[in-house]
Amino acid sequence: MVNIYQNILSAKKEGKKLLAVLIDPEKIELENVPSFFEKVHQSIATHIFVGGSTDDNHQTENVVIAIKKATHLPVVLFPGDVSQITQKADGILFLSLLSGRNPEYLIEQQIRAAPLLKNANLEILPTGYILIDGKKETATQKVSNTKPIAQENSELILNTALAGEFSGKKLIYLEAGSGATEAVSQKIITVVRNNLSIPLIVGGGIRSKKQLETAFNAGSDLVVIGTAFENDESFFEDLKSTKFTEYN
Ligand code: 1GP
């Protein structure tokens with residue numbers, strides 16, 4: 001069995017940066033999965049995240065099955081809600097939307113997920129999920145009916161991340177939202193990184209190699225990119241090899 005969290009911790013310790021390709025089951029055709037992964041495998045991608053704010057056609061499980069046939073990279077669910085849980089993946093980001101004040105996404109969905117996860121062979125990764133204003137109203141914001149934290153309010157972002165760590169979350173995910181106009185700023189990533197002990201995930205609105213390097217060098221341990229690959233698969237070419245300075 002893949003030990004997803006231990007591998008993330010080891011990478012963090014060694015200063016090795018990780019990249020997750022986010023696949024939204026509503027946006028990929030099953031027959032395109034194998035050719036998509038030929039490109040993924042030529043890039044520096046280390047993880048596959050699967051999920052979206054909605055999955056009206058219940059395609060998550062079928063997409064995960066197709067992905068598992070196409071890759072040996074760890075496949076981690078990044079579910080918008082409990083309906084997107086499938087045992088066919090390797091792990092699950094067990095998210096709590098800590099930036100919001102909607103009990104549905106703080107604890108209700110998690111309670112509904114518990115019986116599905118109890119005997120599942122999925123590695124559970126407790127994750128504090130913090131929505132940050134990416135200057136565009138995102139699906140996460142609409143579906144969760146919560147407000148993102150302003151990028152200017154780095155103190156609140158930091159304190160929310162710390163509250164997550166102190167509550168026992170194993171990962172903190174700073175999310176500007178899929179397709180964000182503004183990615184999470186370098187300053188915020190650095191402030192959080194300098195004060196947090198657990199690994200830091202950053203995603204939303206990262207669509208160039210330069211932005212990826214900025215996010216890594218600011219202190220993200222794992223960066224998530226979805227839209228940029230959906231829009232232009234040649235972006236994988238840009239990420240064939242890249243050198244990331246170790247964060248100190
Ligand atoms: C969204 O953080 C992810 O949940 C990735 O965002 O689609 O903008 O890359 P993008």
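A pocket, as the term is used in this tour, is an open set of points on a 1 Å grid over the protein atoms alone, with protein on both sides within 12 Å along at least five of seven lines; its lining residues have an atom within 4 Å of a point. The model on display is predicted.

**Second largest pocket**

Begin by selecting Leu22, Ile23, Asp24, Lys27, Ile28, Glu29, Asn32, Phe36, Glu230 and Glu233, which line the second largest pocket. The space enclosed here amounts to about 180 Å³. Colouring the selection by class will show five charged residues, four nonpolar and one polar.

**Largest pocket**

Move next to the largest pocket, whose volume is about 750 Å³. To centre the view, select Gly52, Ser53, Phe78, Tyr129 and Thr140, the residues nearest the pocket centre among the 45 that line it. Then switch to a cartoon representation and pick out strand S4 (91–97), helix H4 (103–118), helix H5 (139–144), strands S6 and S8, and helix H9 (227–231); each supplies at least two residues of this lining. Which element gives the largest share of the lining? Strand S4 does, with six residues. By class, the lining comprises 20 nonpolar, 18 polar and seven charged residues.

**The ligand and its shell**

Now display the ligand, which sits in the largest pocket. Around the ligand are 14 residues, and of these Glu175, Ser178, Gly179, Gly205 and Thr227 come nearest. In the cartoon, highlight strand S6 (171–175) and strand S8 (222–225), each of which contributes at least two residues to the shell. Colouring the shell by class gives eight polar residues, five nonpolar and one charged.

**Contacts at the ligand oxygen atoms**

Finally, show distances from the ligand's oxygen atoms to the protein. Select serine 178 first: an N or O atom of its side chain is 2.7 Å from an oxygen atom of the ligand. Turn then to the backbone of glycine 205, where an N or O atom lies 2.8 Å from a ligand oxygen. At glycine 204, a backbone N or O atom is 3.1 Å from an oxygen atom of the ligand. To close, add a surface to the ligand: taken alone, the ligand exposes 310 Å², and the protein buries 97% of that area.

How values were computed
Residues numbered from 1 in each chain as written. Predicted model: local features only at pLDDT ≥ 70, side-chain atom pairs only at ≥ 80, totals over all residues. Heavy atoms only, no water. Near = heavy atom within 4 Å. Polar contact = N/O pair within 3.5 Å; in protein donor to acceptor, adjacent residues only side chain to side chain. Areas by Shrake-Rupley, 256 points an atom, 1.4 Å probe, with all protein chains shown as cover. 1 Å grid on protein atoms, 1.4 Å probe; cavity = no way out; pocket = protein on both sides within 12 Å on 5 of 7 lines; lining within 4 Å. Sits in = over half its atoms within 2 Å of the grid points. Helix = DSSP H or I, 4+ residues; strand = E, 2+ residues; numbered from the N terminus. Nonpolar A, V, L, I, M, F, W, Y, C, P; charged D, E, K, R; others polar. Points joined across faces, edges and corners; volume = space filled by probe spheres on them.
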